[in-house]
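Hi,

Here is the structure I said I would pass on. Have a look at it first, and my notes come after.

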Amino acid sequence: MLKVVPILCRPGQMNNYAYLLIDKNTGISAVLDASEAEPVIKECEKQQLKPQFLLNTHHHFDHVEGNAELKALFNAKIIASAKDKDRIEGVDIALNEGDVFKIGDSEAHIIGADGHTIGHILWYFSKDKVLFTGDTLFNLSIGGLFEGTPEQMWNTLQKIKKLPDDVLFYPGHEYTAYGISALRGDVGQKYAQKAKERLKQGKPVAPISLKEEKICNPYLSIENRQDFYQMFE
Ligand code: ZN
Ligand code: FE
């Protein structure tokens, strides 16, 4: 069993999420996308944990800047996409699509997700039905195409659409607020209500199920490839 603790970083600015992942069976833990060190260290102290692994979705500074300090403090290993091996400092283990990485008894399947960047990866814990999407999929939107093409992003989103509806996903930023006013229909209204409630309490909107996201996120609900490409023109 995997426990997930969201840690808001760069609050009021970029609103990144780092995530503390705890394998309950073994107590082994990891940090995913260590945006900055300080809030992560605070949470680790609170939970009395020393993460062994620093997992990364992609090389952008707002996702990796805490790595070096946490690596030194916890003697942790940095795990990243093979394509980011020379763009993220201090990578110890490089992974490719299809690889499985274990945190104690919890298994992450690596899904290639070119689009936002080339070499972006998703961390999918299939048994726990938990997916970390970095800057590929946000609540109600997707990450900008910094390196990839609309075609690559489309192909990546189709992979996400094929995952089971009951998977819960955790994005790299809290951007939900921008998409709420466009929500329509029964599922949309429920999504909006839940999101507003959680934001009002200062909590992350995540996790939302892929079932809800597939219906409510305009980039996932779109069924035609050509129509999708037009969203970028
Ligand atoms: Zn990014
Ligand atoms: Fe980002």
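Below is what I found, starting with the whole chain and then going residue by residue.

**The chain as a whole**

First, a reminder that this is a predicted model. The protein chain has eight helices and 14 strands. Its C-alpha atoms fill a box of roughly 45 × 35 × 35 Å along the principal axes. For 233 residues, a compact globule would have a radius of gyration near 17 Å, and the protein chain agrees with that, at 17 Å.

Of those 233 residues, 54% count as buried. If you take the contacts with a separation of 6 or more, 59% of them join residues that are 24 or more positions apart. On the outside, the protein chain exposes about 10,800 Å², with carbon and sulfur atoms supplying 49% of that area. As for charge, there are 27 positive and 32 negative ones, and their mean positions are 5 Å apart.

**Cysteines**

How many disulfides does the structure hold? The count is zero. A disulfide is a covalent bond between the sulfur atoms of two cysteines. For C9, the closest cysteine sulfur is in C44, and at 11 Å that is too far for a bond. C9 counts as buried, at 0% relative accessibility. C216 is buried too, with a relative accessible area of 11%.

**The start of the chain: L8 and R10**

L8 is in strand β1, which covers residues 2–9. With a relative accessible area of 38%, L8 is partly exposed. Leaving out residues up to four places away in sequence, L8 touches N15, N16, Y17 and P39. V40 is 32 residues from L8 in sequence, and their C-alpha atoms are 8.8 Å apart.

R10 sits in the loop between β1 and β2 (16–23). R10 is buried, with a relative accessible area of 12%. Its backbone deserves a look as well: R10 is not a glycine, yet it has a positive phi of about 50 degrees.

**Other backbone points**

Most residues other than glycine have a negative phi, and most peptide bonds are trans. Besides R10, N75 is a non-glycine residue with a positive phi, in this case about 55 degrees. N75 lies in the loop between α3 (67–74) and β5 (77–81). Buried or exposed, where does N75 fall? N75 is exposed, with a relative accessible area of 68%.

There is also a cis peptide bond to check, from A206 to P207, with omega near 0 degrees. P207 is in the loop between α5 (185–200) and β14 (208–209).

**Helix α1 and the loop after it**

A37 belongs to helix α1, residues 37–47. At 7% relative accessibility, A37 counts as buried. Apart from residues up to four places away in sequence, A37 touches G66, E69 and L70. L220 is a long way off in both senses: 183 residues from A37 in sequence and 33 Å in space, C-alpha to C-alpha.

P51 is in the loop between α1 and β4 (53–55). P51 is buried, at 0% relative accessibility. Which residues does P51 touch, not counting those up to four places away in sequence? They are L20, S29, A30, V31, C44, F74 and A76. C44 came up earlier as the cysteine with the sulfur closest to that of C9. R87, on the other hand, is 36 residues from P51 in sequence and 22 Å from it in space, again C-alpha to C-alpha.

**H120**

The last residue on my list is H120, in the loop between β8 (106–112) and β9 (121–125). H120 is buried, with a relative accessible area of 1%. Setting aside neighbours within four places in sequence, H120 is in contact with T57 and H58, with I111, G112, A113 and D114, and with T133, G134, D135 and T136.

If you open the model, I would begin with the two residues of positive phi, R10 and N75, and then go to the cis bond between A206 and P207.

Cheers

Conventions
Residues numbered from 1 in each chain as written. Chains lettered and ligands numbered in written order. Predicted model: local features only at pLDDT ≥ 70, side-chain atom pairs only at ≥ 80, totals over all residues. Heavy atoms only, no water. Helix = DSSP H or I, 4+ residues; strand = E, 2+ residues; numbered from the N terminus. Rg over C-alpha atoms; globule rule 2.2 N^0.38 Å. Buried < 20%, exposed > 50% of the residue type's maximum accessible area, 1.4 Å probe, protein only. Contact = heavy atoms within 4.5 Å. Areas by Shrake-Rupley, 256 points an atom, 1.4 Å probe, with all protein chains shown as cover. Lys, Arg positive; Asp, Glu negative; His and termini not counted. Charge placed at Lys NZ, Arg CZ, Asp CG, Glu CD. Disulfide = S-S within 2.5 Å.
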